Amino acid sequence: METNQIMYTTTASAVGGRSGHIKSADGILDMAMQVPAELGGPGGTGTNPEQLFAAGYAACFGGSIQAVAKREYDKITQSTVTAHVSMLQGFSIAVQMEVHLEGIEIELAEQIVHRAHIVCPYSKATRGNIEVKITVI
């Protein structure tokens, strides 16, 4: 990757894996990690990689929706994206997303969401690697 192509870089560290601690270089993220009870851990108040991935994917996808709606359809919309990230047997993940676009007819909303899925950086990174199912509600 050429450095002149980089638009933004962030850095975070994890100590102790799923039962440790994460911290971003700027200190904004600084939290405990805990294995969920459903995966044999103690559960508790710590976060886990699946939660972090779900939050990141939902936010990135929502940003892509806003960009596509404005640039390609001359629409401004408030989106709500809920990402459900599941850990599957064999240590792979799957994503189910529910997307709601406020004030836009369902047919147009589906077009916008389809285009957003093409351009979203998280969608590009996961395409062909994990199952991603998107439902417009």
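# Notebook: two sheets, a core and three salt bridges

Started with an odd spot: Phe-91 sits in the loop between strand 4 and strand 5 (92-101). Phe-91 has a positive phi of about 60 degrees, and it is not a glycine. Most residues other than glycine have a negative phi. I checked its cover too: Phe-91 counts as exposed, at 78% relative accessibility. For the record, buried means under 20% relative accessible area, exposed over 50%, and partly exposed in between, with a 1.4 Å probe and protein chains only.

Ground rules before going on. This is a predicted model, where local features need pLDDT of at least 70 and side-chain atom pairs count only at pLDDT 80 or more, while totals for chains, interfaces and linings use all residues. Residues are numbered from 1 along each chain as its sequence is written, and side-chain values use heavy atoms, with hydrogens and water left out. Helices (H or I, at least four residues) and strands (E, at least two) are DSSP runs, numbered from the N terminus.

**Another positive phi**

Asp-74 also caught my eye: its phi is positive, about 50 degrees, although it is not a glycine. I found Asp-74 in the loop between helix 1 (49-73) and strand 4 (79-88). Asp-74 is exposed, with a relative accessible area of 70%.

**First sheet**

I traced an open sheet of three strands, order 1-2-3, with antiparallel pairing. Strand 1 (12-15) and strand 3 (30-32) are at the edges with a single partner strand each, so one side of each has no neighbour in the sheet. Neighbouring strands here are turned by 15 degrees against each other on average, direction ignored. That angle is between axes, lines fitted to C-alpha atoms (for helices over the stretch in contact), and angles run from 0 to 180 degrees between N-to-C directions. Pairing needs at least two DSSP bridges between two strands.

I went through the pairs next. Strand 1 and strand 2 run antiparallel and are joined by four bridges, with Ala-12 opposite Ser-24 in strand 2. Strand 2 (residues 21-24) is joined to strand 3 by three bridges, also antiparallel, and Lys-23 stands opposite Asp-30 in strand 3.

Which residues of strand 2 are on the covered face, and which on the uncovered one? Ile-22 and Ser-24 make the covered face, His-21 and Lys-23 the uncovered one. In a regular strand the side chains alternate between the two faces of the sheet.

Both hairpins got a look. The hairpin of strand 1 and strand 2 has five residues between the strands, and Gly-16 there takes a positive phi near 90 degrees. The hairpin of strand 2 and strand 3 has five residues between them as well, with Gly-27 in the turn at a positive phi of about 80 degrees.

**Second sheet**

Another open sheet of three strands has the order 4-5-6, with mixed pairing. Strand 4 and strand 6 (131-136) are its edge strands, each pairing on one side only. The twist averages 15 degrees from one strand to the next. Strand 4 and strand 5 pair in the antiparallel sense over 10 bridges; there, Met-87 has Ile-93 of strand 5 as its bridge partner.

**Core**

I pulled up the largest nonpolar core (buried Ala, Val, Leu, Ile, Met, Phe, Trp, Tyr and Cys residues joined through side-chain atoms within 4.5 Å). Of its 23 residues, Phe-61, Ile-65, Leu-101 and Ile-112 touch the most other members. Helix 1, strand 4, strand 5 and helix 2 (106-119) are the elements giving two or more residues to this core, and helix 1 gives the most, with eight.

**Salt bridges**

How many salt bridges does the whole structure hold? The search finds three, counting a side-chain nitrogen of Lys or Arg within 4 Å of a carboxyl oxygen of Asp or Glu.

Arg-18 pairs with Glu-50, the closest N and O atoms being 2.5 Å apart. This pair links distant parts of the chain, 32 residues apart: Arg-18 is in the loop between strand 1 and strand 2, Glu-50 in helix 1. Arg-18 counts as partly exposed at 29% relative accessibility, whereas Glu-50 counts as buried at 11%.

Arg-71 and Glu-72 meet in a salt bridge at 3.3 Å, N to O. Glu-72 also forms one with Arg-115, with closest N and O atoms 2.7 Å apart. That second pair joins helix 1 to helix 2 across 43 residues. Shared partners put Arg-71, Glu-72 and Arg-115 into one network.
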